[in-house]
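I opened this entry to look up two things: how the sheet is put together, and where the salt bridges sit.

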Amino acid sequence: MKIVILSRSQKLHSTKRLVEAGHKRNHEMLVLDHLKCVLVIEQGRPHIFYNGKEITGVEAVIPRIGSSVTFYGTAVVRQFEM
């Protein structure tokens, strides 16, 4: 299973623990800084780019979004939902 963790840093303790737990269960874990995600709103095919690459095949998203960036963070989560 491919799981994305939306977090500002891979170095945060809680993010590290989530990645470790996912790897123990043989999941592909990907940590993305949600503020660096580029949302492309296209009718019938919304998608997300990160560092110039399209993010595809995501089966689960774990948001670790701080209160100061909640608005954009929730927009990223909604984009993954679509």
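**Sheet and helices**

I started with one strand pair in this predicted model. Leucine 6 has proline 63 in strand 6 as its bridge partner. I then checked the whole pairing: four bridges join strand 1 (residues 2-6) to strand 6, and the two run parallel.

Next I traced the sheet. It is open, with three strands in the order 2-1-6 and parallel pairing. Strand 2 (28-32) and strand 6 (60-63) are the edge strands, each pairing on one side only. On average, neighbouring strands are turned by 20° against each other, direction ignored.

I looked for helices on the sheet. Helix 1 (residues 13-24) packs on it and touches strand 1, strand 2 and strand 6. The direction of helix 1 makes about 160° with that of strand 2. Helix 2 (residues 70-81) lies across strand 1, strand 2 and strand 6, at about 165° to strand 1.

**Salt bridges**

I counted three salt bridges.

Aspartate 33 meets arginine 8 at 2.7 Å, N to O. This pair links distant parts of the chain, 25 residues apart. Aspartate 33 sits in the loop between strand 2 and strand 3 (37-40), arginine 8 in the loop between strand 1 and helix 1. I noted aspartate 33 as buried, because its relative accessible area is 6%. Arginine 8 is partly exposed at 46%.

Glutamate 20 and arginine 17 also meet at 2.7 Å, N to O. They are three residues apart in helix 1, so about one helical turn separates them. Glutamate 20 is partly exposed at 39%, as is arginine 17 at 41%.

I closed with arginine 45 and glutamate 54, whose closest N and O atoms are 2.9 Å apart. Arginine 45 is partly exposed at 42%, and glutamate 54 is partly exposed at 30%.

Terms used
Residues are numbered from 1 along each chain as its sequence is written. This is a predicted model: local features need pLDDT of at least 70, side-chain atom pairs count only at pLDDT 80 or more; totals for chains, interfaces and linings use all residues. Side-chain values use heavy atoms; hydrogens and water are left out. Two strands pair if DSSP finds at least two bridges between them. Axes are lines fitted to C-alpha atoms, for helices over the stretch in contact, and angles run from 0 to 180 degrees between N-to-C directions. Contact means heavy atoms within 4.5 Å. A salt bridge is a side-chain nitrogen of Lys or Arg within 4 Å of a carboxyl oxygen of Asp or Glu. Buried means under 20% relative accessible area, exposed over 50%, partly exposed in between (1.4 Å probe, protein chains only).
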